[in-house]
Amino acid sequence: MTKAPATQPASRPVLIAAEPQLFVANLAASCPFFTDKLGFAIAFVYGEPPFYAQVVRDGARLNLRCVDRPTVDGERRDRESLLSAAVTVATAAEIKQLFLEFQAAGVAFHQTLKHEPWGARDFIIKDPDGNLLLFAGPAE
């Protein structure tokens, strides 16, 4: 007896974006950092008083959530480079251009632009709350 072929499953859902949540102490201090220094725009601010916001730049969205104390040990975060988010660009030229843009804006770097052994170029910035944000692109 021959078994009937299994029906094909429906196509898989496609993930189109990720929105990391960064824990911050003060939205009034964090939002200007992301808009003035990193070129993001505010998508929304929520709550009275405000405790949640989202910033957006092109396809990147970051959610900012107020907390009353740090959620990660800062010394360990810095020592082990514990990232809060990673944002990517498409080309090697763009990652260099973004690095220079942030450098000109006076952004604090945890790691300057670097060629990684796995074929990427990246840098890590530190926001006012100490969150480490990786920006990466291809090496070539």
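Helices (H or I, at least four residues) and strands (E, at least two) are DSSP runs, numbered from the N terminus. The model on your screen is a predicted one, in which local features need pLDDT of at least 70 and side-chain atom pairs count only at pLDDT 80 or more, while totals for chains, interfaces and linings use all residues. Residues are numbered from 1 along each chain as its sequence is written, and side-chain values use heavy atoms, with hydrogens and water left out.

**Stop one: the loop between β2 and β3**

Begin by selecting Pro49, which sits in the loop between β2 and β3, and look at the peptide bond that joins Glu48 to Pro49, which is cis with an omega of about 0 degrees. Next select Phe51, which lies in the loop between β2 (41-46) and β3 (52-57). Is Phe51 buried, exposed or partly exposed? Its relative accessibility is 32%, so Phe51 counts as partly exposed, given that buried means under 20% relative accessible area, exposed over 50%, and partly exposed in between (1.4 Å probe, protein chains only). Add Phe44 and Tyr46 to the selection, and you have the three residues that, with Phe51, make a nonpolar surface patch of about 300 Å². Such patches are made of residues with over 30% relative accessible area and no salt bridge, with like charges joined within 9 Å and nonpolar side chains (Val, Leu, Ile, Met, Phe, Trp, Tyr) within 5 Å; the areas come from the Shrake-Rupley method with a 1.4 Å probe, and for residues only the protein chains shown count as cover.

**Stop two: the loop between β3 and β4**

Now move to Asp58, in the loop between β3 and β4, which has a positive phi of about 55 degrees although it is not a glycine. Asp58 forms a salt bridge with Arg57, the closest N and O atoms being 4.0 Å apart, where a salt bridge is a side-chain nitrogen of Lys or Arg within 4 Å of a carboxyl oxygen of Asp or Glu. Asp58 counts as exposed because its relative accessible area is 73%, whereas Arg57, at 22%, is partly exposed.

**Stop three: the largest pocket**

Keep Arg57 selected and add Ala60, Val87, Thr88 and Val89, since these five lie nearest the centre of the largest pocket, which is lined by 20 residues. About 400 Å³ of space lies in this pocket. On a 1 Å grid over the protein atoms alone, a pocket is an open set of points where a 1.4 Å probe fits, with protein on both sides within 12 Å along at least five of seven lines, and lining residues have an atom within 4 Å of a point. Grid points are joined across faces, edges and corners, and a volume is the space filled by probe spheres set on the points. Which element gives the most to the lining? Colour α3, which gives the most, with 5 residues, and then β4 (60-66) and β5 (83-88), which, like α3, each supply at least two.

**Stop four: the aromatic rings**

Stay with helix α3 (residues 92-104) and select Phe102, then find Phe135 in strand β8 (residues 132-138), 33 residues apart from Phe102. Both Phe102 and Phe135 are buried, and ring pairs link them with Phe99, Phe109 and Phe123 into a cluster. Rings of Phe, Tyr and Trp (its six-membered ring) pair if their centres lie within 6.5 Å, and planes under 30 degrees apart count as stacked, over 60 as edge-to-face and the rest as tilted. The structure holds 10 aromatic pairs. One of them is the edge-to-face pair of Phe33 and Phe34, with 5.3 Å centre to centre and 85 degrees between the planes. Phe34 counts as buried because its relative accessibility is 0%, and Phe33 is also buried, with a relative accessible area of 10%.

**Stop five: helix α2 and its flanks**

Finally, select helix α2 (residues 74-80), where Arg79 and Glu75 are 4 residues apart and therefore separated by about one helical turn. The side chains of Arg79 and Glu75 meet in a salt bridge of 3.7 Å, N to O, and a network of salt bridges links Glu75, Arg76, Arg79 and Glu80. A further bridge joins Asp78 and Arg77 (3.3 Å, N to O); Arg77, at 12% relative accessibility, counts as buried, while Asp78, at 26%, is partly exposed. In the loop between α2 and β5 you will find Ser81, which has a positive phi of about 50 degrees although it is not a glycine.
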